[in-house]
Amino acid sequence: MTILVTGGLGYIGSHTVVELLQNNFQVIIVDDMSNSEKFILDNIEKIGGKRPVFFPFDLRRKELLSQVFDAYEIDGCIHFAAYKAVGESQEKPLDYYENNLFSLINVLQEFKARNISNFIFSSSCTVYGQADKQPIDENTLLKMPESSYGKTKQMGEEILKDYAIAYQKKVSLLRYFNPIGSHPTALLGELPIGVPNNLVPYVTQTASGIREKLSIWGNDYETPDGTAVRDYIYVVDLAKAHVKALQKLMNEKSETLIDVYNLGTGKGSSVLEVVEAFETANEVKVPYQICERRAGDITIAYANPDKAERELGWKADTSLEEALRTTWEWQKYLQTKN
Ligand code: UD1
């Protein structure tokens, strides 16, 4: 089976490509390299034992995309390629809508024209906004996300639902909670551009001295220690869920047209708990200060991942500390490269 992985050199994409290779899928990557580097492809090959076919272009270039479909018989797609910086999406909403939606539509047009099924969409728990109750299951009401980035994820899901029904094609919408960590080989991980916005890359850079101090955005939330609570899921566990979701889509017996899964651990951790777990796991100190809340942040979000366990036989089983240990190994690896 040959799978197109868009954004396959990105953070979650690269880990998923490795899992696909290890499960004997042929992989074709299209990635415009806007948030990756060439050495990631070399490292995928080192871990996966095989070099995926790679095309460096932007999916908005329809003619190039068509040529890939002409050249290879593609059986499915995992679509990661998208801009993902929440803050930047507020400054450049048109860029986000154009890139994230047109890229998706262009791949779907090829799928429709060539009558291919099996499409997996990289979605986010951001589609739930501030949910009324926790944990969040797949039937939780979707609320308007705060950011343009979040809206592109919600719109992407709507496009896919219409597409699946109109053309009778199977799709899977995977809603990630907060992905963290790096590959156990320390050869793959997140490459934050500039100052990281997300918690774990900021913690990691602070521990290594690149940043002076972590700012904890608010300790007056209604949570046990006052800091906000999220569901941090290890990226390799998350990558494995993609293979399971793909296998389910490809299973002839599976009749559902639209699969939706929350991918999280089911356990919430506060910002302070993450800092402490990082310090314990890696025996390093993370200096921090308490600051005002960050605009747009929600108090608490964690998954009810039971549906994924029931239907995919998948469960996130890596501990927070273990995931944070891999992050630190990756940081050390990156420093040897500079
Ligand atoms: C954000 C996005 C979400 C996206 C996800 C990707 C919003 C509202 N949501 O989630 O759509 O899918 O990133 O991983 O932006 N924190 C600090 N100090 C920091 C950084 C973060 O205290 O320097 C806190 C935040 O206030 C939050 C928690 O850490 O409580 C997690 O933040 P972050 O990693 O940015 O993820 P989310 O905001 O949950």
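This short presentation covers the salt bridges of this structure and one of its helices, α9.

Good morning, colleagues. The model is predicted, so local features need pLDDT of at least 70, side-chain atom pairs count only at pLDDT 80 or more, and totals for chains, interfaces and linings use all residues. Residues are numbered from 1 along each chain as its sequence is written, and side-chain values use heavy atoms, with hydrogens and water left out.

I begin with the salt bridges. Side chains of opposite charge can pair when their charged atoms come close. A salt bridge here is a side-chain nitrogen of Lys or Arg within 4 Å of a carboxyl oxygen of Asp or Glu. By this rule the structure has 19 salt bridges.

One of them joins R51 and E45, with 2.7 Å from N to O. How accessible are these partners? I use buried for under 20% relative accessible area, exposed for over 50%, and partly exposed for values in between, with a 1.4 Å probe and protein chains only. R51 is partly exposed at 37%, and E45 is partly exposed at 30%.

A second salt bridge connects D58 with R60, at 2.8 Å from N to O. D58 is buried, with a relative accessible area of 18%, whereas R60 is partly exposed at 26%.

A third pairs K143 with D132, at 2.7 Å from N to O. This pair links distant parts of the chain: K143 and D132 are 11 residues apart, and each is in the loop between β5 (119–124) and α6 (148–167). In these names, helices (H or I, at least four residues) and strands (E, at least two) are DSSP runs, numbered from the N terminus. K143 is partly exposed, with a relative accessible area of 26%, while D132 is exposed at 67%. Elsewhere, salt bridges that share partners join D42, E45 and R51 into one network.

I turn now to helix α9. Residues 271–282 form this helix of 12 residues, and its first and last C-alpha atoms are 17 Å apart, close to the expected 16 Å. The expected span is 1.5 Å times one less than the number of residues.

Is α9 largely enclosed or open? Of its 12 residues, 9 are buried, so α9 is largely enclosed by the rest of the structure. Among the buried residues are V271, L272, F278 and N282. Their cover, judged by contact (heavy atoms within 4.5 Å), includes α7 (199–207), β8 (214–217), β13 (288–291) and α11 (320–337). After α9 comes E283, which has a positive phi, near 50 degrees.
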